[in-house]
Amino acid sequence: MKKYISYSILAVLGLIITASCNKDFLNVVPKTNLSAETIFADSSGADIFLNAIYGAMPDAEAMPGYNYDPMEDWSDNAVNRFQWGISWVQGVARSYGPSDYNPGLYNHDYPAMPFKYDVQFANIRKTNLFIQQLNEHPDNFSASFRKTKIAEARFLRAFFYQWLYMGYGGVPLITDVLSISEQGDSVFRPRNTKAETLKFIQDECTAAAADLPNKLSTGAATRGAALALKAWTELFSGDYTDAAATYQQITDLGIYHLFPDYNAQFMAENNNNEESIWAYQHAPATKGSGRTLLFGPPPVSAAWACMQPTQNLVDAYLMKDGLPKEQSPYWDPKHPYDNRDPRFDMSIIHDGSVWQGATYNMKQGGQYARDPAQERETGYYRKKGIDERLTTATVNNDAANFVYFRYAGVLLGYAEAKIELGQIDQSVIDAIDQVRVRAGIPKLSVSYKTSSFSQSDLRDIVRRERRIELAFENRYYWDLIRWKTAESVLNKPVNGIDIVPDGAGGYNYNTVVVHPMKFFKKNYLFPVYKGWLESNPKMQAQNGGPDGWVNGQNPGY
């Protein structure tokens with residue numbers, strides 16, 4: 001019988017430690033009647049504390065909360081149902097700056113904004129306290145417990161730093177427990193550079209991986225999770241040499257494989273399958289998933305439809321021969337949903353789709369036709385990962401995990417890194433082909449009738465594969481950021497579809513603008529809120545350097 005970690009211990013967490021979201025987020029002094037000596041008197045107390053840290057990970061499908069506006073909606077893959085959502089408002093204007101908090105950039109708080117500075121530093125200080133206490137009370141724990149649990153905590157600390165790194169670049173690297181009352185101004189630490197922050201994450205993941213078990217995760221960190229975090233951060237940073245090597249290490253572990261059914265892997269009964277490397281654990285009643293409720297289609301299940309796919313994404317889907325629609329003989333603009341990559345129908349509800357016994361009519365005048373006045377923004381709904389068996393009465397029983405890393409991402413990350421290095425060999429083709437064949441489309445050589453590809457061609461192929469394969473997993477915005485294509489892609493409108501009679505008994509499928517987008521070069525990083533900067537004089541004094549800070553702030557803000 002598998003043993004699963006439960007993250008549903010918020011009441012216990014409240015007894016253990018409190019965290020302010022403002023000026024006290026560097027101060028780690030438990031403010032309750034439970035002392036650290038009591039909590040860390042034995043392994044059970046330490047486990048409860050560590051499980052609370054696991055529970056603080058950014059769960060993009062948590063309920064309750066503000067996850068109806070996730071990071072996917074910041075890209076051109078999807079739009080929020082609500083035009084007042086921050087992703088919509090800021091996607092149009094990009095008007096946020098250091099003074100914007102709430103109202104402003106952080107209206108929807110954490111975990112909708114998973115990189116949020118004060119929250120992640122509060123999480124980091126908890127890992128520091130955990131590590132400190134296990135090191136200061138070695139006699140309370142077995143050697144094997146200390147070794148594994150400290151490795152888990154180091155992984156979690158690196159995981160939290162990864163979000164800060166993606167959102168803000170370089171940040172203060174803190175590994176000790178800070179107390180303003182005991183240490184005074186020495187608690188203030190300057191920002192480390194982006195390069196230093198990357199190296200810290202790499203080193204922590206390497207050290208953690210060595211002491212973590214090589215097995216499928218059921219909630220606790222594993223060797224594969226630490227390596228996946230390391231590889232992703234390297235890929236994000238453009239360190240393709242290390243990324244390719246780390247992704248290869250994950251494959252060499254020999255325990256991860258593509259799940260046979262693309263969409264079924266996301267259902268609750270398949271949590272922690274052989275493709276899942278690292279996931280937030282959900283369970284009905286105690287820590288349920290909000291995926292179907294937040295992002296499923298109306299009207300059955302009382303779903304909110306807060307992640308509505310765009311025509312931009314629909315156009316990216318391949319045809320069944322594995323070619324882009326512009327290159328495929330199967331493409332018919334009068335029947336645009338026919339003969340598509342099977343992942344299209346597994347991921348998106350479109351005109352003519354059947355869901356829970358209902359056929360969706362999205363043609364002009366139809367019940368689900370695009371109509372912004374009714375918050376039907378694009379003419380599409382999300383299907384991927386949504387549980388069709390859940391009803392209005394049972395939707396809160398959704399228990400599907402939220403997956404951070406899975407093996408398909410490893411294969412595509414490995415292929416991308418090798419392509420960028422110009423090391424194009426059969427292993428690159430094989431990695432991409434594994435993902436394509438599982439999806440139900442041909443291998444590259446069959447689709448393109450060649451076994452020789454240029455670097456430019458393969459770059460386009462693997463980026464499109466990532467977009468399709470990982471759609472709605474909150475990856476694509478960060479891909480646009482790391483590819484440095486956001487300034488092009490996110491300065492174009494996000495589009496929907498209007499299906500109107502053509503006057504000859506058929507229909508025209510007209511692409512229409514849902515809303516314009518705006519993106520400035522400074523937006524590759526988010527600003528550090530001025531309240532956080534003003535609480536740290538060491539950061540305020542930082543100017544210039546390799547990251548171009550101005551009074552500790554990211555360039556352009």
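**View A. The span of residues 111-229 in the predicted model.** The two end C-alpha atoms of residues 111-229 are 18 Å apart, and the span is 65% helix and 0% strand. The structure shown here and in the other views is a predicted model. In an unreviewed UniProt entry, residues 111-229 carry the annotation "domain: SusD-like N-terminal".

**View B. The cis peptide bond between tyrosine 110 and proline 111.** Tyrosine 110 and proline 111 are joined by a cis peptide bond with omega of about 10°. Proline 111 belongs to helix 5, which covers residues 109-112.

**View C. The cis peptide bond between proline 298 and proline 299.** Here a cis peptide bond links two prolines, 298 and 299, and omega is about 0°. Proline 299 sits in the loop that runs between helix 12 (291-295) and strand 3 (308-309).

**View D. Surroundings of asparagine 192.** Asparagine 192 is part of the loop between helix 8 (180-183) and helix 9 (194-211). Its side chain forms a polar contact of 3.2 Å with the side chain of glutamate 196. Beyond neighbours within four places in sequence, asparagine 192 contacts Gly170, Val171, Pro172, Leu173, Thr197 and Trp549.

**View E. Asparagine 339, a residue with positive phi.** Phi of asparagine 339 is positive, at about 60°, although the residue is not a glycine. The loop between helix 13 (311-316) and helix 14 (342-347) holds asparagine 339. Asparagine 339 counts as partly exposed because its relative accessibility is 32%, which falls between the limits of 20% and 50%.

**View F. Lysine 449, a residue with positive phi.** Lysine 449 is not a glycine, yet it has a positive phi of about 55°. Lysine 449 is located in the loop between helix 17 (444-448) and helix 18. With a relative accessible area of 73%, lysine 449 is exposed, the cut-off being over 50%.

**View G. Packing of helix 15 against helix 16.** Two packed helices are described by the angle between their axes and the distance between the axes. For helix 15 (residues 407-421) and helix 16 (residues 426-439), the angle is about 145° and the axes are 8 Å apart. The crossing of these two helices is left-handed. Helix 15 contributes Tyr407, Ala408, Leu411, Leu412, Tyr414, Ala415, Lys418 and Ile419 to the contact, and helix 16 contributes Ser427, Val428, Ala431, Ile432, Gln434, Val435 and Arg438. Of the residues in this contact of helix 15 with helix 16, 11 are nonpolar, 2 polar and 2 charged.

**View H. Packing of helix 16 against helix 18.** The axes of helix 16 and helix 18 cross at roughly 35° and come within 11 Å. The crossing of helix 16 with helix 18 is left-handed. On the helix 16 side the contact consists of Ile429, Ile432, Val435, Arg436 and Arg438, and on the helix 18 side of Leu458, Ile461, Val462, Glu465 and Glu469. The contact of helix 16 with helix 18 comprises 6 nonpolar and 4 charged residues, with no polar ones.

**View I. Arginine 466 and its contacts.** Arginine 466 is a residue of helix 18 (residues 455-469). Arginine 466 counts as buried because its relative accessibility is 3%, and the limit for buried is under 20%. Residues up to four places away in sequence aside, arginine 466 touches Trp232, Leu235, Gly409, Leu412, Gly413, Glu416, Ala471, Arg475, Asp479, Arg482 and Trp483. Leu412, one of these residues, also belongs to the contact that helix 15 makes with helix 16.

Notes:
Residues numbered from 1 in each chain as written. Predicted model: local features only at pLDDT ≥ 70, side-chain atom pairs only at ≥ 80, totals over all residues. Heavy atoms only, no water. Axes fitted to C-alpha atoms, helices over the stretch in contact; angles between N-to-C directions. Helix = DSSP H or I, 4+ residues; strand = E, 2+ residues; numbered from the N terminus. Left-handed = near helix turned anticlockwise from the far one by under 90°. Contact = heavy atoms within 4.5 Å. Nonpolar A, V, L, I, M, F, W, Y, C, P; charged D, E, K, R; others polar. Buried < 20%, exposed > 50% of the residue type's maximum accessible area, 1.4 Å probe, protein only. Polar contact = N/O pair within 3.5 Å; in protein donor to acceptor, adjacent residues only side chain to side chain. UniProt positions renumbered as here; feature names shortened; annotations may be inferred.
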